[in-house]
Amino acid sequence: MESPHVSDTAGQPVAPVGESTSTHPGRAACCPRWRRGSLLAVALLFVIGVIFHRQWLPLLVYPLLAPTNSHPGAADVVWIRSSDGHSLPTEDAISQAAAILRQNPDAVVIFTEGWPSRLVELGVLPPMVEVLRSALKDYGIPPERVIELKPDQAGLWYEAQAVANYLKRHADTDVVFFVEEFGGRSTSLVLRSAMGDDVYRRVTLVGVPHPLFSAQNWWRCRAGIKGTMVGYLYLIYSLIEPRPVVSPQPLSLDDFDRLIPECPESQGNSAP
């Protein structure tokens, strides 16, 4: 059944009853064409991004990086730390530190430790300062050139304060600090907060790449993606609060023994 048409007063036919006409006849044709153009542009950008991913993906981690990844030459002090108490920086950092020490016979190594390791306390592993001395000895560096600083509390902020106190006692000394490549920027924020600007200017941060990835290929392995995410978390936290709000207190083995409740049976047996 055909829809009845209605004519206007001039005798021109108008739209059938129940149907509507568009005041812009070209809009219906333009909208699909605009959508196809947008999808094509997005697809083209995606293809370009995949093709040139080696050029732009390294830029994503640039805010995390330390200023340089090679030692600056001569220095008076080399700072090496163990963040977990049972491992040292990579062999690359050890070799760069040895090169600086050979270049300057009066230079020394400052060693700090972030957290004491239970394996070291139990005697399973040797102290990391002794492991460092042994590693540098393989490069011809005598053990007495390694000095261990023990801050009052655990954590990088307090380690930086201990190093700052050492530098204040030894004027005109420059420090090279080897850090993880993706933790360079967050580390600089913590050091500046703990040391102050005057002492921080004497510290040169050297980023050491991870053995499995670097800024040029971090997206190729799971460890690199995880390292990027953790690096940004540390950077955000360091921007908000570079100094720990609550001072961390590592627990000794005796502290663990006191925190473990005794069984009721043992308490009954121990009673007279």
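β1 and β4 run parallel and are joined by three bridges. Start there, and keep in mind that this is a predicted model. One contact to find on screen is V78, whose bridge partner in β4 is V176.

Now step across β4 to its other neighbour. Strand β5, residues 203-208, pairs with β4 over six bridges, again in the parallel sense. Two of the residue pairs make good landmarks. F178 has V206 as its bridge partner in β5. E180 is bridged to V208, also in β5. In general, strands of a sheet pair through backbone hydrogen bonds, either parallel or antiparallel.

Zoom out to the whole sheet. Five strands make it up, in the order β3-β2-β1-β4-β5. The sheet is open, and its pairing is parallel. β3 (146-148) and β5 stand at the edges. Each of these two has a single partner strand, so one side of each lacks a neighbour in the sheet. From one strand to the next, the twist averages 30 degrees.

How many of the six residues of β4 are buried? Five are, which leaves the strand mostly covered. In a regular strand, side chains alternate between the two faces of the sheet.

Next, look just before β4. The loop between α6 and β4 holds D172. This residue is not a glycine, yet its phi is positive, at about 60 degrees. Is D172 buried or exposed? Its relative accessibility is 74%, and the cut-off for exposed is over 50%, so D172 counts as exposed.

The tour ends at the largest pocket. Rolling a probe the size of a water molecule over the atoms shows where empty space is left. The largest pocket holds about 1,300 Å³ of space. Its lining is made up of 40 residues. Nearest the centre of the pocket lie R81, S83, E180, T187 and Y234. E180 is thus a residue to revisit: it is the bridge partner of V208, and it is one of those nearest the pocket centre.

Which elements build the wall? β1 (77-82), α6 (156-169), β4 (175-180), α7 (184-195) and α9 (222-240) each supply at least two lining residues. The largest share comes from α9, with eight residues. Both β1 and β4 are therefore on this list, and the two strands are also joined to each other by three bridges. By residue class, the lining divides into 22 nonpolar, 12 polar and six charged residues.

Key:
Residues are numbered from 1 along each chain as its sequence is written. This is a predicted model: local features need pLDDT of at least 70, side-chain atom pairs count only at pLDDT 80 or more; totals for chains, interfaces and linings use all residues. Side-chain values use heavy atoms; hydrogens and water are left out. On a 1 Å grid over the protein atoms alone, a cavity is a set of points where a 1.4 Å probe fits but cannot get out, and a pocket is an open set with protein on both sides within 12 Å along at least five of seven lines; lining residues have an atom within 4 Å of a point. Grid points are joined across faces, edges and corners, and a volume is the space filled by probe spheres set on the points. Helices (H or I, at least four residues) and strands (E, at least two) are DSSP runs, numbered from the N terminus. Ala, Val, Leu, Ile, Met, Phe, Trp, Tyr, Cys and Pro count as nonpolar, Asp, Glu, Lys and Arg as charged, and the others, Gly among them, as polar. Buried means under 20% relative accessible area, exposed over 50%, partly exposed in between (1.4 Å probe, protein chains only). Two strands pair if DSSP finds at least two bridges between them. Axes are lines fitted to C-alpha atoms, for helices over the stretch in contact, and angles run from 0 to 180 degrees between N-to-C directions.
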